[in-house]
Amino acid sequence: MPEFRTTVRRSLKVAMAEADMTPRELAEKSGVSYDAITKYLRCETTPLLETACKLAEALGCSPNDLCGIE
């Protein structure tokens, strides 16, 4: 599963950069805790599908984009 965590981290960072959003802003807009987002960005955990959907909606992308699925 480490490869998936890396993919999610990379995709999340790209989506945040494209949306010009900080982790704190993403937390506010998505309703996902700041602590959880920082754990995703440090590859400590991966989001559940429900959480990935919230993050994707806040970032203007799809959950597939965050998971590296084309």
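In this predicted model, the buried residues of helix H2 are Leu26, Ala27 and Ser30. Viewed down the axis of H2, these buried residues fall within an arc of 100°, so they line one face of the helix. Glu28 and Lys29, on the other side of H2, are exposed. Just after H2 comes Gly31, which takes a positive phi of about 85°.

One of the buried residues of H2, Leu26, also belongs to the largest nonpolar core, which has 16 residues. Leu26 is among the members that touch the most others, together with Leu12, Ile37, Leu55, Leu59 and Leu66. Four helices each supply at least two residues of this core: H1 (2-18), H2 (23-30), H3 (34-41) and H4 (49-59). In soluble globular proteins, nonpolar side chains tend to be buried together.

Ile37 shows how H2 is met from elsewhere in the chain. With residues up to four places away in sequence not counted, Ile37 touches Leu26, Ala27 and Ser30, and also Pro23, Val32 and Leu55. The contacts of Ile37 thus include each of the three residues listed as buried in H2.

Val32 appears again in the surroundings of Thr51, a residue of helix H4. Leaving aside neighbours within four places in sequence, Thr51 is in contact with Val32 and Tyr40. Is Thr51 buried or exposed? Thr51 has a relative accessible area of 17%, and because buried means under 20%, Thr51 counts as buried.

Note on methods:
Residues are numbered from 1 along each chain as its sequence is written. This is a predicted model: local features need pLDDT of at least 70, side-chain atom pairs count only at pLDDT 80 or more; totals for chains, interfaces and linings use all residues. Side-chain values use heavy atoms; hydrogens and water are left out. A nonpolar core is a set of buried Ala, Val, Leu, Ile, Met, Phe, Trp, Tyr and Cys residues joined through side-chain atoms within 4.5 Å. Buried means under 20% relative accessible area, exposed over 50%, partly exposed in between (1.4 Å probe, protein chains only). Contact means heavy atoms within 4.5 Å. The arc is that of the directions from the helix axis to the C-beta atoms.
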